[in-house]
Amino acid sequence: MTITRREFLQRAAFAGSGLVLATFVPELANGQTPDGEWQPNAFLRITPDDRITVIVVRHEMGQGVRTLLPMMVAEELEADWSRVRIEQAVTGPEFDKIRLHTSGSGSSTSTFEAMRRTGATAREMLIAAAAQRWRVPAAECRAEAGSVVHAASRRRLRFGQLVTDAAKMPVPENPRLKDPASFKLLGTPVKRIDGPDIVTGRAQYGMDVRVPNMVFASIERAPVLGARIRTIDDAAARGAPGVIAVMPVRTGIQHGVAVVGTSTWAAMRARSALHIDWDLGEHREFDSDHFEKALDGWLARASFRVRKQGDAEAALASAARRHEASYVFPFQAHAPLEPMNCTADVRADRAEFWVPTQSQVRSMAQAVKVTGLPKEQIRIHATLLGGGFGRRLFADYLAEAAEISKALRRPVQVVWTREDDMRSGFFEPCTAQRLSGGLDAQGRLVALVHRSTSSDLTIYDIHEGRDLYGPRPATPKAADAYESDQSPWGAFDNPYDIANLHALTADVPSPVPYGPWRAVEYPPTVWGRESFIDELARLAGVDPLRFRLDLLTGGVREIGSHPVDPSRLAHVHRLAAERAGWDRPLAASDRLRGRGIAASVYHGGSYIAQVAEVSVAKDLSDLRVHRMVCAVDCGLVLNPLGVQGQAESGITWGLSYTLGGAVAFKQGRAVPGGYADFPVIRMNQMPVTEIHLVSSQAKPGGFGEHAVPMVAPAVANAVFDATGIRVRRLPITPQSLRAARRG
């Protein structure tokens, strides 16, 4: 439905008590508005009791977005922060043009201007209302701490006293935004607005949802991707206490059999009584060790051009010294603490879902597909989520809940077990990087060829719920598509000034379903790139920090659609090194000790360098990371506490896959079933972590997953510094150290 600007103003003014501010925000919209028409979207509500409610259009998964977005509005509104409340946006006509979707650390960058304009618009309308009541020029009034004041007469009116009049004021077309230098709230360390509810258990995660008459379902899924059911013996399951129904499920990531019960325990216990004969299909012998070995052949055939400048092959051929190395990044699981779950209530004429998701957009697409209802009759409530990491960009678990609820005509909560989550989800693909570098007689890098195997995440349309049991579509990529897509990240946007650079990739078919994993393509490419830079520096006999700084000269370069500033990357290098004591010798020890450095740029907006300090037992029986020093330049720091928390959690995540995480597949099945065999770093393993933020007035660059990719190469480079052993396959363990020493 579209309404005119005049119609909107009338509705806004008389919709009820309080001011409901609705503004069309192009940055948040999916489409364009027709000329002369205005499609409003509500973000802000101010009520007569002075409560200010900001409706948050991004999803909270620990990054603090439900605090940061209200801060943007409150800053421009000049609100009393203690009066600010939050609501999570629910799908519906008011958000029809808003992309309710969270990924790529883009929550702050994609909403920064829009949310500020929302606050500024309200501020000017409130000031106009006060000025009209006092019969003074609006220019003589200002907003401060939740009120409008007229300094000359010392009169003051609270926002709540003005909302009825403000709702009748014209909506300013171009509200004046504040100079960031005058920010009072943004830029200060603000604690999570929803923190007290989370730590006291009042916050609602997906698992906490309860609706009347609901039942619970647990699904036995195909053990191997593409496996099909031959026969089911469900007599024992149907006879188990508390069981309501047993039914096949053909949506979601894999087909399976659902057991529905009066509780999750009843459903899961009865599920174990199912006897299913599976036709395991063509992938029953898939083995990740064999797959990993085959990557070498794919590297040799890498032909999709990612980036090309100069003539790297010719320069390499004439280089004074050449070096080549390959790096392997194994399969990884998302492993969020809260397993997948969804509560669905599907009726003949409507449907409602409560789901811990990163994307109400994709959830809606799945809901429409499975229920057959138009989206106008569907509501998607996004709950808090106990870990996203990209896994919850998919809505396969919503589809399962929708299918079961539709069949039973009652609310159903589908709950995955830990093993379901670890073995039947989407995975970070196993990839390989091969880099070839050439140095001139003075030890300067003159040529680099970076070959990678690809993890193209869109190639098979699995985001959109394509039936994985159907025929796989042909690769839609053209030969130069990766270059135009600016992918794989980390290989395409190599930030160093290298005259001759050639990056290529190859699509590697695999039966393992891929999915975005924290920092997406950066972890494997940066792992290879930053390890190799260190190797080249050692080959040249130059300090690795000095070698990198020599490649960070000149002015801002456009790499694809992103401007990359070498001086900002050089600055975080120097800052991390200085704070880590790079030039000072490490303390004497009975262990081997070393430091390593790695850095990267995230989509041209955020610059991060990390120094790892490690020690290794002389017999290689033990490896410890003692200290991680991280320097961050993400432009204007909107909430220092948020950035620091994200950097710390990113380092924690990075250390987990660096030191332990890997998923092996045997006979077509993922081997790990829980944290015992897919370890995340424990508290007693956590090193001292220091985060140093660069003060900047540059455009905010966003910060969520940025600190993840540098961890592995920084640690690997430190291990080499300590031991002289180069590890080129993750994870780095005493076993891999000994294997690398043997060659």
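Analyst: In this predicted model, helices (H or I, at least four residues) and strands (E, at least two) are DSSP runs, numbered from the N terminus.

User: In which loop is Leu-620 placed, and what is its phi?

Analyst: Most residues other than glycine have a negative phi, and most peptide bonds are trans. Leu-620, however, has a positive phi of about 65 degrees. This residue lies in the loop between strand E27 (606–616) and strand E28 (623–633).

User: Is Leu-620 buried or exposed?

Analyst: Leu-620 is buried, as its relative accessible area is 2%. Val-520, in the loop between E23 and helix H14 (522–540), also has a positive phi, near 55 degrees. With 13% relative accessibility, Val-520 counts as buried.

User: Which residues does the cis peptide bond with omega of about 0 degrees join?

Analyst: That bond joins Leu-730 and Pro-731, and Pro-731 is in the loop between H18 and helix H19 (734–742). Another cis peptide bond, with omega of about -5 degrees, joins Ser-487 and Pro-488. Pro-488 is found between helix H13 (481–485) and strand E23 (501–507), in a loop.

User: At what angle do helix H17 and helix H18 pack?

Analyst: Two packed helices are described by the angle between their axes and the distance between the axes. For H17 (residues 640–659) and H18 (residues 711–723), the angle is about 60 degrees and the axes are 8 Å apart. H17 is therefore oblique to H18, and the crossing is right-handed.

User: Which residues of H18 does H17 meet?

Analyst: Val-711, Ala-712 and Val-715 of H18 are met by H17 residues including Gly-650, Ile-651 and Gly-654. The contact comprises six nonpolar, three polar and no charged residues.

Technical notes
Residues are numbered from 1 along each chain as its sequence is written. This is a predicted model: local features need pLDDT of at least 70, side-chain atom pairs count only at pLDDT 80 or more; totals for chains, interfaces and linings use all residues. Side-chain values use heavy atoms; hydrogens and water are left out. Axes are lines fitted to C-alpha atoms, for helices over the stretch in contact, and angles run from 0 to 180 degrees between N-to-C directions. Angles under 35 degrees count as roughly parallel, over 145 as roughly antiparallel, 65 to 115 as roughly perpendicular and the rest as oblique. A crossing is left-handed if the near helix is turned anticlockwise from the far one by less than a right angle, and right-handed if clockwise. Contact means heavy atoms within 4.5 Å. Ala, Val, Leu, Ile, Met, Phe, Trp, Tyr, Cys and Pro count as nonpolar, Asp, Glu, Lys and Arg as charged, and the others, Gly among them, as polar. Buried means under 20% relative accessible area, exposed over 50%, partly exposed in between (1.4 Å probe, protein chains only).
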